[in-house]
Structures are given as C-alpha cells and as structure tokens.
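Please read this report alongside the sequence and the coordinates. It goes from the chain as a whole to single residues.

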Amino acid sequence: MSVTHTGVTASAADLEPCGLPEHPDCGIRDVLDRVGDKWSVLIIVELASGARRFRELQRAVDGISQRMLTLTVRRLERDGLVIRTVYPTVPAQVDYRLTEVGASLTHLVKALADWSLAHRGVIAESRHSYDQENPDNQMQ
C-alpha cells in the first residue's frame with residue numbers, strides 16, 4: 001500500500017464477516033471496532049453538533065492527519081454513519097454530517113466521554129500506583 005493510499009481496505013472480517021454464524025459475537029466485533037476507535041469517536045462527537053467541512057473537522061480533531069481523517073470518514077460513510085455531500089463549486093466543497101443511525105450513537109458516545117472525564121483522575125492515580133508497584137510491566 002502506498003503512503004498516499006486512502007481507499008477503504010477490506011479486512012478479513014469484511015470478506016468473511018463471521019466464520020461461525022452461530023457464534024454469539026457475530027457482527028458485533030466489527031461494529032465495535034469502528035465506533036470504538038479513537039478517531040471515529042472524536043469525529044462522531046464533532047459531527048454531533050452539525051455538518052462540518054473536511055478542514056473544519058481536521059482543525060477540531062486535535063492530532064488527526066489528513067490521511068487518517070480521510071480514511072476514518074470514508075469508513076464511517078461506508079458503515080452508514082456519515083453522509084458526505086459534495087457541492088458543485090470550484091473548488092468543490094465537501095461536508096460531512098451524521099446519518100440518522102450515526103446521530104443515534106451520539107448519546108452513547110457522550111455518556112462515554114462524560115464517564116471518561118469524571119473518572120480520569122482516578123484512572124491516572126491507578127495507573128501511577130500500578131506503575132510504581134510493577135516497574136517491569138509499565139505500559140505506554
């Protein structure tokens with residue numbers, strides 16, 4: 001894959017969505033992988049307040065590269081969570097907004113963000129204590 005490749009790559013899960021159809025987590029993992037990934041959550045949070053142009057999203061989502069933003073919005077569009085609209089202007093203007101299904105995620109993502117904010121101090125203290133007690137097992 002080239003450095004500039006921005007296509008949505010099919011994963012093994014896409015080619016064979018569930019090796020065992022009777023398996024209880026069939027279909028759940030790939031959805032959780034998408035909506036639980038760092039960039040998807042941040043983009044969904046940003047789009048919850050309305051449509052955004054590409055550059056607006058890039059400025060709003062701190063640390064995301066142009067390539068990662070492109071890949072993430074394409075994946076969200078493919079999953080039916082985001083709608084991409086291209087306006088016939090010169091240069092072309094593109095904006096992104098949540099679909100009805102994507103918007104239905106926002107209260108869940110907001111609850112997770114609120115929980116994270118409320119518990120970040122406790123988690124940081126726990127990590128610090130763990131690292132002090134287990135210097136050979138420190139995670140980065």
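The sections below cover the fold, the sheet, one helix, the nonpolar core and one aromatic pair.

## Basis of the model

This is a predicted model, in which local features need pLDDT of at least 70 and side-chain atom pairs count only at pLDDT 80 or more, while totals for chains, interfaces and linings use all residues. Residues are numbered from 1 along each chain as its sequence is written, and side-chain values use heavy atoms, with hydrogens and water left out.

## Overall composition

The chain has seven helices and three strands. Helices (H or I, at least four residues) and strands (E, at least two) are DSSP runs, numbered from the N terminus. Read from the N terminus, the order of elements is α-α-α-β-α-α-β-β-α-α.

Of the 140 residues in the chain, 23% are buried. Buried means under 20% relative accessible area, exposed over 50%, and partly exposed in between (1.4 Å probe, protein chains only). The exposed surface of the chain is about 10100 Å², and carbon and sulfur atoms supply 55% of it; accessible areas come from the Shrake-Rupley method with a 1.4 Å probe, and for residues only the protein chains shown count as cover. Among contacts with a separation of 6 or more, 48% join residues 24 or more positions apart, where contact means heavy atoms within 4.5 Å.

## The sheet

Three strands form an open sheet in the order β1-β3-β2, with antiparallel pairing. β1 (52-53) and β2 (82-87) are at the edges with a single partner strand each, so one side of each has no neighbour in the sheet. Two strands pair if DSSP finds at least two bridges between them.

β2 and β3 (residues 93-98) are joined by six bridges in the antiparallel sense, and they form a hairpin with five residues between them. Within this pairing, I83 stands opposite R97 in β3, and R84 stands opposite Y96 in β3.

## Helix α5

Helix α5 (residues 66-78) has 13 residues, and its end C-alpha atoms are 18 Å apart, which agrees with the span of 18 Å expected at 1.5 Å a residue. The expected span is 1.5 Å times one less than the number of residues. After α5 comes G80, with a positive phi near 80°.

The buried residues of α5 include L69, T70, L71, T72, V73 and L76. Their cover includes α2 (28-35), α3, α4 (54-60), β2 and β3.

## Helix α3 and the nonpolar core

A nonpolar core is a set of buried Ala, Val, Leu, Ile, Met, Phe, Trp, Tyr and Cys residues joined through side-chain atoms within 4.5 Å. The largest one has 20 residues, and I43, L47, L57, L69 and Y96 have the most contacts inside it. At least two residues of this core come from each of α3, α4, α5 and β3, and the largest share, five residues, is from α3.

Leaving aside residues up to four places away in sequence, I43 touches L57, V61, I64, L69, T72, V73 and L76. S40 lies in α3 (residues 38-47) and is buried, with a relative accessible area of 1%. With the same sequence neighbours not counted, S40 touches R34, T72 and L76.

## The aromatic pair

One aromatic pair is found in the whole structure. Rings of Phe, Tyr and Trp (its six-membered ring) pair if their centres lie within 6.5 Å; planes under 30 degrees apart count as stacked, over 60 as edge-to-face and the rest as tilted. The rings of F54 and Y96 have centres 6.4 Å apart and planes at 55°, so this pair is tilted.

F54 is in helix α4 and Y96 in strand β3, so the pair ties together parts that are 42 residues apart in sequence. Both F54 and Y96 are buried.
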